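Here is a short report on a single protein chain. Look over the sequence and the fold, then read on.

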Amino acid sequence: MPVTRTFRLAEIAALVGGETLGDGNLEIHGIASLKSAGPRDLSFLSNVSYQSQLRSSQAGALLLAPANRDASNRPRIISEDPYLAYAKVVEAFYPAQHHVAGVHPNAVVHPLARLGNGVQLAPFCSVGKDAVIGDRVRIETGCVIGECVSIGSDCILHGNVTIYANSRIGERAIIHAGAVIGSDGFGMAREGEHWRKIPQIGGVIIGNDVEIGANTTIDRGALDDTVIEDGVKLDNQIQIGHNVHIGAHSAFAGCVGIAGSTRIGRRCTIGGGSVILGHLEIVDDVNIAAASVVMKSIRRAGDYAGLYPLQERSVWARNAANLRNLDGLERRLRYLESTIGGKSRKTR
């Protein structure tokens with residue numbers, strides 16, 4: 001992606017609220033990784049795993065944390081959070097694409113749909129009856145917006161997003177290609193040897209400033225709505241079941257699966273490939289490591305991890321029960337060892 005302008009190092013420091021050390025007039029033409037940066041690039045160190053690359057990097061200037069202020073003598077900016085500063089610098093070098101309002105002749109808009117000011121509709125989009133699209137919304141090629149859908153202002157829908165009827169999306173959402181919002185939840189009732197489909201009559205409510213990754217699916221509620229609160233960030237290929245409620249400013253990595261009717265608190269993070277069983281409750285400020293399987297509610301904030309090998313269910317259940325009691329068994333064993341050891345010394 002081409003850079004639109006250059007900055008002096010002191011300008012970048014002012015942008016991120018950092019301290020300049022060295023030549024503040026150094027012209028910076030771009031931002032790059034430590035490994036690939038050149039003498040006119042700014043790079044950053046936020047992870048100690050890349051400390052070794054700092055010495056060999058050809059970067060003209062650096063973004064460093066206070067703890068690393070003397071790790072290099074080249075021009076640098078000292079920031080309390082180099083990674084956050086890096087994000088701000090990237091925004092400055094690569095501003096958002098210019099918005100071009102207008103409805104393409106190949107887009108299909110129902111006569112009873114309402115479009116706000118400055119809406120951009122690309123070719124082969126479809127907007128259903130009674131849909132309401134807010135100001136400056138950008139809808140790219142192949143998107144399908146169902147009946148009675150509401151989309152707030154300044155949202156971006158990338159190609160081939162599908163939003164089913166009666167879904168509500170807040171302002172400034174970014175929804176990446178292939179995402180599906182409001183599809184039926186997986187509700188089936190056993191009827192003899194067959195399954196009877198349970199109509200899913202709830203909706204989906206998505207708050208402001210939410211980002212939804214490519215090919216992520218969010219099911220409509222069975223009765224009540226599926227709710228994604230403000231500021232939630234969802235990676236690619238995530239499955240969110242019906243009636244799930246996700247608290248504000250939580251962030252989930254790719255391929256997370258959340259079964260129906262689970263409630264997740266605010267500011268939670270879930271690592272990639274994790275599975276959350278249904279009808280659970282996870283409180284605020286819980287961090288779950290990648291590839292974990294959550295089978296019980298989590299009622300205390302903190303960091304959690306768990307990965308267990310596949311076994312026959314009855315064997316797995318016995319082993320899981322033993323593992324849950326392992327800490328207590330260890331304490332009892334230590335107590336017995338100390339007691340037996342003490343008696344043995346007295347006997348001698």
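How many helices and strands are there in the chain? There are 5 helices and 39 strands. Both are DSSP runs numbered from the N terminus: helices are H or I with at least four residues, strands are E with at least two.

## Basis of the model

This is a predicted model: local features need pLDDT of at least 70, side-chain atom pairs count only at pLDDT 80 or more, and totals for chains, interfaces and linings use all residues. Residues are numbered from 1 along each chain as its sequence is written, and side-chain values use heavy atoms, leaving out hydrogens and water.

## Overall shape

The C-alpha trace spans about 95 × 75 × 25 Å along its principal axes. The radius of gyration, taken over C-alpha atoms, is 26 Å. The globule rule (2.2 Å times the number of residues to the power 0.38) gives 20 Å for 348 residues, so the chain is more spread out than a compact globule.

Of the 348 residues, 40% count as buried, meaning under 20% relative accessible area with a 1.4 Å probe, protein chains only. The accessible surface (Shrake-Rupley method, 1.4 Å probe) comes to about 19300 Å². Carbon and sulfur atoms hold 53% of that surface. Take the contacts (heavy atoms within 4.5 Å) between residues at least 6 apart in sequence: 17% join residues at least 24 apart.

## Two parallel sheets

One open sheet has 11 strands, with parallel pairing, in the order S8-S11-S14-S17-S20-S25-S28-S31-S34-S37-S39. Strands S8 (102-103) and S39 (302-304) stand at the edges with a single partner each, so one side of each has no neighbour in the sheet. Strands pair if DSSP finds at least two bridges between them. S28 (233-234) and S31 (251-252) are joined by 2 bridges. Leu-234 has Phe-252 of S31 as its bridge partner.

Another open sheet has 10 strands, also parallel, in the order S9-S12-S15-S18-S21-S26-S29-S32-S35-S38. Its edge strands, S9 (108-109) and S38 (293-294), pair on one side only. S9 and S12 (126-127) share 2 bridges. Here Val-108 has Ser-126 as its bridge partner.

## Helix H3

Helix H3 covers residues 82-93. Its 12 residues reach 16 Å from first C-alpha to last, close to the 16 Å expected at 1.5 Å times one less than the number of residues.

Which residues of H3 are buried? They are Pro-82, Ala-85, Val-89 and Phe-93. They cover an arc of only 75° around the axis, which puts them on the same side of H3. That arc is taken from the directions from the helix axis to the C-beta atoms. An α-helix has 3.6 residues a turn, so residues three or four places apart point the same way. The cover over the buried residues of H3 includes helix H1 (9-16), strand S5 (41-44) and strand S6 (61-64).

Definitions and conventions
Buried < 20%, exposed > 50% of the residue type's maximum accessible area, 1.4 Å probe, protein only.
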